[in-house]
Amino acid sequence: MGKNAISVKDCNLHYGSVPALKNVTMDIRERKVTALIGPSGCGKSTFLRIFNRMNDLIESCRITGEILVEGNDIYASGVDVIQLRKTVGMVFQKPNPFPMSIYDNIAFAPRTFGIRKKAELSEIIERTLYRAGLWYEVKDRLHQSALGLSGGQQQRLCIARALAAEPRILLMDEPTSALDPISTGTIEALIMELKAEYTIVIVTHNMQQATRISDKTAFFLLGELVEYGGTQKVFSNPFDGRTESYITGRFG
Amino acid sequence: MTRHQRQIRRAQLLRIFAQGMLFLTLLMLSGIVIFILASGLPHINMQLLFGDYGKYPSIKPALLGTLSLTLLALVIAAPIGIGTALFLTEYTRTRSHLIRAIRIASETLSGIPSIVYGIFGYLVFAVALGFKYSLLGGGITLAIMILPLVVRSTEESLLAVPQSLREASLALGASKVRMIFTIVLPCAMSGILTSLILAAGRVISESAVLILTIGMVVNKMPESLMSPGTSLALDVYYFGSNGYPEQAAATGVVLLIVMIGINLLAVFLGKVFGKGELMHG
Ligand SMILES: Nc1ncnc2c1ncn2[C@@H]1O[C@H](COP(=O)(O)OP(=O)(O)O)[C@@H](O)[C@H]1O
Ligand SMILES: [Mg+2]
């Protein structure tokens with residue numbers, strides 16, 4: 001039995017008076033890939049953004065319940081959100097490199113945390129780019145703009161950039177939905193490698209993707225966690241009729 | 001003629017009319033420029049530009065005056081304007097009453113005729129604070145005058161920075177301050193610089209405010225910011241109304257060249273810094 005990286009108890013989330021998550025209770029295992037699936041608007045992104053407190057940016061958002069990350073209540077008063085976001089990295093749906101050089105993109109988080117020495121930065125940049133499978137493609141143009149990379153490369157750069165903060169948990173919100181099938185394959189392979197070291201929570205629209213890369217799958221519907229279990233089990237023998245309807249494509 | 005033919009004919013007439021008007025516009029614009037250049041260029045000489053104001057007039061005091069007024073106005077308006085815009089875009093709710101109040105205030109301020117700023121500056125700085133006519137009083141008044149412009153266009157540049165970049169930086173553990181200084185401001189830099197340059201253009205071409213605040217002393221080099229002074233635009237007025245038509249035209253040319261330079265600089269900066277900024281939304 002592995003440990004839980006994240007533990008959610010009775011979580012309710014409202015945008016204004018509109019509920020977006022209803023009584024969600026769920027544990028996320030360390031160093032596994034957990035997929036969040038469900039029709040759009042069911043609250044997958046909202047759920048994901050709880051773990052690094054990105055919902056803080058939305059004024060109307062109210063959240064109750066207990067959210068533990070590595071055993072700590074991240075919504076307790078006095079929590080260092082910056083430290084939380086160092087531990088819990090995020091990759092977004094649309095690649096969003098900064099309009100700076102590849103080097104400066106990756107150096108962003110290390111510099112935030114006070115690393116200034118060139119040698120140290122270069123080591124981090126090589127290591128994370130290598131880890132994200134991008135090193136050989138970009139090593140000769142580290143000081144060129146990241147915006148010159150292809151979409152798939154940009155997304156791998158964003159992964160490397162997140163890894164440079166040395167997180168232990170990686171949140172990915174439909175990271176391949178804006179990419180072509182080849183780039184998608186590359187990133188899926190990368191996720192499979194990364195799970196040896198990182199806890200990965202990934203939102204995906206693509207059910208084949210969930211079956212290919214995830215260990216556990218959570219199915220959301222209208223803000224409710226309908227089903228959660230081993231990916232094999234959820235896709236071959238779901239216990240809830242709504243899950244079955246969704247995975248067999250009857251709605252979505 | 002069939003209906004269809006009439007339609008075609010009407011479209012052709014409109015096109016010819018529009019082309020004619022375009023030609024007229026270009027003619028008038030180029031006419032003014034050519035006329036000013038033709039009347040002014042022959043009279044530009046070293047005495048006028050850099051000589052001492054004595055038997056022959058010189059615009060040396062005005063060059064210094066315009067330069068110091070522009071710098072003064074920008075040095076005051078830029079931090080206040082950029083700070084206000086940052087507050088509005090990064091620290092307030094999008095629909096708050098405060099934002100609406102500030103917006104109405106700044107729109108009202110930008111609609112006020114500049115002579116009204118002039119009388120304000122005169123009453124406050126020259127009279128109440130006892131500056132008398134001074135470059136400082138003029139510069140501060142000009143700064144107040146361009147403030148709404150700076151706030152508004154800076155705000156637009158800040159809003160144009162994709163939200164996704166703000167999220168990316170925060171998600172990497174950046175504080176809000178770091179996000180603003182490393183991501184938001186650099187991304188908005190070209191827009192902000194462009195707006196400051198256009199604001200400088202307004203300062204350089206302004207005359208009404210200055211008549212009432214700096215005193216139009218055309219023949220003395222200002223000794224400090226507390227001295228009275230003059231500007232290029234005021235010199236044009238002074239020369240024109242005191243029997244120096246040639247010098248007025250020549251000063252007009254100098255002013256024209258400065259303004260064209262300013263506008264080219266704005267375009268250039270927009271190109272240099274603008275690259276890639278809006279490539280992702
Ligand atoms: N910033 C917001 N303000 C108000 N409602 C929101 C906001 N973001 C999302 N919602 C609502 O919350 C629900 C869940 O959205 P989201 O988490 O984005 O779903 P998903 O990622 O599964 O498509 C949707 O009904 C959506 O309209
Ligand atoms: Mg989503």
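Student: In β2(A), which residue is the bridge partner of A:H14?

Tutor: In this predicted model, the residue of β2(A) that is bridged to A:H14 is A:P19.

Student: What makes β1(A) and β2(A) a pair of strands?

Tutor: Pairing requires at least two bridges found by DSSP. Strand β1 of chain A (residues 4–15) and strand β2 of chain A (residues 18–29) are joined by eight bridges. The requirement is met, so the two strands are paired. They run antiparallel, and together they form a hairpin with two residues between them. In the turn, A:G16 has a positive phi of about 65°.

Student: How do you know that β1(A) also pairs with β4(A)?

Tutor: Eight bridges link β1(A) to strand β4 (residues 61–69) of chain A, again with the strands running antiparallel. The threshold is at least two bridges, and therefore β1(A) and β4(A) count as paired. In this arrangement A:Y15 stands opposite A:C61 of β4(A).

Student: Why are β4(A) and β5(A) called paired, and in which sense do they pair?

Tutor: They share two bridges. Because the rule asks for at least two, this count satisfies it. The sense is antiparallel, and A:V69 has A:N72 in β5(A) as its bridge partner.

Student: In what order do the strands of this open sheet lie, and which are its edge strands?

Tutor: The four strands of the open sheet follow the order β2-β1-β4-β5 in chain A, with antiparallel pairing. The edge strands are β2 and β5 (72–73) of chain A, since each pairs on one side only.

Student: How do you know that domain 1 and domain 2 of chain B are in contact?

Tutor: Contact requires heavy atoms within 4.5 Å. Six residues of domain 1 (3–42) of chain B meet that limit with five residues of domain 2 (57–280) of chain B, so the two domains are in contact. Their C-alpha centres lie 33 Å apart. About 420 Å² is buried between them, 89% of it given by carbon and sulfur atoms. On the side of domain 1 of chain B, B:I36, B:L37 and B:G40 supply 65% of the buried area, more than any other three residues.

Student: What is the class composition of the side of domain 1 of chain B that touches domain 2 of chain B, and how many salt bridges join the two domains?

Tutor: The count of salt bridges between these domains is zero, as is the count of residue pairs in polar contact with both residues at pLDDT 80 or more. The touching side of domain 1 of chain B has four nonpolar, two polar and no charged residues.

Student: Why is the contact between A:R49 and B:E167 called a salt bridge?

Tutor: The closest N and O atoms of A:R49 and B:E167 are 2.8 Å apart. The limit for an Arg side-chain nitrogen and a Glu carboxyl oxygen is 4 Å, so the pair qualifies. The interface of chain B and chain A has one salt bridge, together with four residue pairs in polar contact, both residues being at pLDDT 80 or more.

Student: Which helix gives the most to the side of chain B that touches chain A?

Tutor: That helix is α7(B), with seven residues; α7 (163–171) and α8 (176–205) of chain B each supply at least two. The touching side of chain B divides into nine nonpolar, nine polar and three charged residues.

Student: How much area is buried between chain B and chain A, and which residues of chain B lose the most?

Tutor: The contact takes 21 residues from chain B and 24 residues from chain A, and the buried area is about 1900 Å², with 66% from carbon and sulfur atoms. In chain B, the residues that lose the most area are B:A171, B:L172 and B:R178, together 32% of what that side buries.

Definitions and conventions
Residues numbered from 1 in each chain as written. Chains lettered and ligands numbered in written order. Predicted model: local features only at pLDDT ≥ 70, side-chain atom pairs only at ≥ 80, totals over all residues. Heavy atoms only, no water. Domains from an automatic or database assignment. Buried area = accessible area lost by both parts, 1.4 Å probe. Polar contact = N/O pair within 3.5 Å; in protein donor to acceptor, adjacent residues only side chain to side chain. Nonpolar A, V, L, I, M, F, W, Y, C, P; charged D, E, K, R; others polar.
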